[in-house]
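User: Please explain how the descriptive terms for this structure follow from their definitions.

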Amino acid sequence: MRQKTFIKQTSLAILLYFICLALAVAIDLIFFKVKNMYHTPALAAIFAGWVYLGLIRKTKQFGAITCLGIFMSLFFFASGHFVLAFLPSFLAGLVADFLAKKGNYENSKLNLLSYMIFSLGNLAPIITMWLAPKAYIAQLLAKGKTQDYVNQVMVPFTASHALILIGGTLMAALIGGYIAQNWLKKINSHQPS
């Protein structure tokens, strides 16, 4: 029965997380009008805290967070991002799972820190563009993208970009996770024992 609950809750979290990510992408495209999804990791971190922390609360078992990270890795790979873009999401999910496990999935501070680490996985396309810019550009051009498109998508590695993207994502995850923790506590307190 526990395994069935694990699969059900993890599958539901994957779906809900994807919806939160899609909302973040839509906001980036419609309101910020950027093609490189510059704000998406931070926006997703604000929106998806309740999904992530709800998954921890319902499963309290190693592997659920890793599965969510694997899903994001597969999503980045399947959606045509640079081949190495699958790695950061997978690693962030695995590290986040170990971190939450360290507190037996009950420690609110470790769960929040775990969520912050997990949220960095959404920087995967940008991180790979920083680590291998020439290969990233070559792959886009090989797919038939124009140089104008490549120029719009590429985020050059600078200290300010790194600080804004990494720091912004961590701050957004802290805020989104904190709000989610408080919301989930209220839900728990209203449920009959």
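Analyst: Axes are lines fitted to C-alpha atoms, for helices over the stretch in contact, and angles run from 0 to 180 degrees between N-to-C directions. The model is predicted, so local features need pLDDT of at least 70 and side-chain atom pairs count only at pLDDT 80 or more, whereas totals for chains, interfaces and linings use all residues. Residues are numbered from 1 along each chain as its sequence is written, and side-chain values use heavy atoms, with hydrogens and water left out.

User: Why are α5 and α6 called roughly antiparallel?

Analyst: Angles over 145 degrees count as roughly antiparallel, under 35 as roughly parallel, 65 to 115 as roughly perpendicular, and the rest as oblique. α5 and α6 pack at about 180 degrees, with their axes 8 Å apart; the pair is therefore roughly antiparallel. Contact means heavy atoms within 4.5 Å; among the residues that meet are Ala92, Gly93 and Ala96 in α5 and Leu110, Asn111 and Ser114 in α6.

User: What makes α3 and α10 oblique to each other?

Analyst: Helix α10 (residues 159-190) and α3 pack at an angle of about 50 degrees, with their axes 8 Å apart. They are therefore oblique to each other. The contact involves residues including Trp50 and Leu53 of α3 and Gly176 and Trp183 of α10.

User: How do you know that the length of helix α5 agrees with its number of residues?

Analyst: The expected span is 1.5 Å times one less than the number of residues. For the 17 residues of α5 (residues 86-102) this gives 24 Å, and the end C-alpha atoms are 25 Å apart, which agrees. A helix here is a DSSP run of H or I with at least four residues, numbered from the N terminus.

User: What puts the buried residues of α5 on the same side?

Analyst: Buried means under 20% relative accessible area, exposed over 50%, and partly exposed in between (1.4 Å probe, protein chains only). The buried residues of α5 are Pro88, Ser89, Ala92, Gly93, Ala96, Asp97, Leu99 and Ala100. They cover an arc of only 165 degrees around the axis, which puts them on the same side of α5; the arc is that of the directions from the helix axis to the C-beta atoms. The face turned away from this buried side carries the exposed residues Phe98 and Lys102.

User: Why is Asn111 called buried?

Analyst: Asn111, found in helix α6, has a relative accessible area of 7%, so Asn111 counts as buried. Leaving aside neighbours within four places in sequence, Asn111 is in contact with residues including Tyr52, Ala100 and Gln181.

Note on methods
Helices (H or I, at least four residues) and strands (E, at least two) are DSSP runs, numbered from the N terminus.
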